[in-house]
Amino acid sequence: MNSLLYPKLFGEAGERFAETVRRLSDGRFVIEVHDRLVLDQETFGALESGLIDAVWGSAGHHHREDPALTIFSGFPFGPDPAVFTAWMQSGGGGDALQAIYARHGMKSLYCGILPSEGGGWFLEPIDGIEDFDGLAMRSFGYGARVLQRLGVIAYELPGQEIRPALETGLIDAAEFSLPSIDAELGIAEIAGHLYFPGWQQPVTSLEILMPEQRWAALSDQDKAILEAACGDTLSWTASEAVARQVEALDRFRTMGVEFHRWPDDVLLALRKAWDEVIAEDVADDPVLAKAWDDYLRFADDFADWQSRTDVEWAGSTRQAGEPQPIEE
């Protein structure tokens, strides 16, 4: 199995998945994990040729092969991990993803979920929408396309190139991943302003991807083992990843990083730009259009449920678990 992504949580999740498969099969089913044996843009070809049997990663990293896959890694102003998982597992999201992969003869299993990314690291604070005009920023996927509509010059740089690019002045800002993963890259040592929320990717999904023929050749028992290992990894990522973000923010505070919330006018402009981007994409791709319409119906139904179950906090004493205000 090829692992597309080197950061700790991504890699650890893939290794945990492989170890769970080995354990559930009493050592009979062994998955060898190789870090970046092939690059994401070469994945479909490597799977089709038999160079590798499967890939551990996220659907959006195959956007070059099929742009419609991008929404299945998480998308701008999308749901949180719990709602995204409900959509994927019970709300039709998984079926919609498989319909897109079927165009390429691929089979995907939903195996993990990570929480919201940071909104971006900046050398200088963002006071308003005008500060985006001409700003050079590392970004990816739909987030980059949205930012470009506001005048940002977007660069899709690998993680290890972000800090040098900030140091040399090639870029003025960067968004990459979760705070705990950004911490590994040393970005906080250069860019001292971190913005929230991570509007561009409120979740990151993880999957194992293989050719449909490879999946069909597996026994029912081995298919069940893979599905059980995905369930275990999904549960682990949902809890472990959150704990690591708390630790990362504490570390950033000791370094003097300033946390900011996006100004309201910036969030409104970003949301408007996202609505334009996704409208254009669904107009060009009927399969994506169906997936998007299905998601919107699910989101509307969930909003009805959520409006009836959300707890309003009252009184002056903060209760355990109540969200803390973002520091300015």
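Thr20 is located in helix H1 (residues 8-24); helices (H or I, at least four residues) and strands (E, at least two) are DSSP runs, numbered from the N terminus. The structure is a predicted model, in which local features need pLDDT of at least 70, side-chain atom pairs count only at pLDDT 80 or more, and totals for chains, interfaces and linings use all residues. Residues are numbered from 1 along each chain as its sequence is written, and side-chain values use heavy atoms, with hydrogens and water left out. With a relative accessible area of 4%, Thr20 is buried (buried means under 20% relative accessible area, exposed over 50%, partly exposed in between, with a 1.4 Å probe and protein chains only). Contacts of Thr20, not counting residues up to four places away in sequence, are made with Ala229 and Asp232, where contact means heavy atoms within 4.5 Å. Between the C-alpha atoms of Thr20 and Asp66, which are 46 residues apart along the chain, the separation is 30 Å.

A search of the whole structure finds 1 disulfide, a disulfide being a pair of cysteine sulfur atoms within 2.5 Å. Cys111 is joined to Cys230, with an S to S distance of 1.9 Å. Because Cys111 lies in strand S4 and Cys230 in helix H9 (residues 220-255), the pair ties together parts that are 119 residues apart in sequence. Cys111 is buried at 0% relative accessibility, and Cys230 is buried with a relative accessible area of 3%.

Strand S4 also takes part in strand pairing, for which DSSP must find at least two bridges between two strands. S4 pairs with S10 in the antiparallel sense over 8 bridges, and Gly112 stands opposite Leu206 in S10. Strand S3 (residues 55-57) is likewise antiparallel to S10, over 3 bridges, with Trp56 opposite Ile208. In strand S10 (residues 204-211), 8 of the 8 residues are buried, so this strand is largely enclosed by the rest of the structure.

An open sheet of 6 strands follows the order S7-S6-S8-S5-S9-S11, with mixed pairing. Strand S7 (153-155) and S11 stand at its edges, each with a single partner strand, so one side of each is left without a neighbour in the sheet. Within this sheet order, strand S5 (residues 120-122) and strand S8 (residues 173-174) pair in the antiparallel sense over 2 bridges. Phe122 has Ala173 as its bridge partner in S8.

A nonpolar core is a set of buried Ala, Val, Leu, Ile, Met, Phe, Trp, Tyr and Cys residues joined through side-chain atoms within 4.5 Å. The largest such core has 51 residues, of which Ile71, Phe72, Trp87, Phe122, Phe132 and Trp262 touch the most other members. Elements that give two or more residues to this core include helix H2 (43-49), helix H4 (93-102), strand S4 (106-114) and helix H11 (286-309). H10 gives the most to this core, with 7 residues. Another core, apart from this one, has 47 residues, among them Leu109, Ile162, Ala165 and Leu249. Leaving aside neighbours within four places in sequence, the contacts of Phe122 include Phe132, Leu135, Met137, Ala173, Tyr195 and Trp262.

Helix H3 (81-89) is among the contributors to the largest core, and its residues Val83, Phe84, Thr85, Trp87 and Met88 are buried. The cover over the buried residues of H3 includes H4, S4, S10, H9 and H11. At the start of H3, the backbone nitrogen of Ala82 has a side-chain oxygen of Asp80 within 3.2 Å.

The structure holds 19 aromatic pairs; rings of Phe, Tyr and Trp (its six-membered ring) pair if their centres lie within 6.5 Å, and planes under 30 degrees apart count as stacked, over 60 as edge-to-face and the rest as tilted. Tyr142 and Trp274 form an edge-to-face pair, 4.9 Å centre to centre with 75° between the planes. This pair links distant parts of the chain, with Tyr142 in helix H5 (residues 141-149) and Trp274 in helix H10 (residues 264-284), 132 residues apart. Tyr142 and Trp274 are both buried. Phe196 and Phe259 also form an edge-to-face pair, at 5.9 Å centre to centre and 90° between the planes. Phe196 belongs to strand S9 (residues 193-196) and Phe259 to strand S11 (residues 258-261), 63 residues apart, and both residues are buried. Ring pairs further link Phe72, Phe75, Phe84, Trp87, Tyr110, Tyr142, Trp274, Trp292 and Tyr295 into a cluster.

Notes
Polar contact = N/O pair within 3.5 Å; in protein donor to acceptor, adjacent residues only side chain to side chain.
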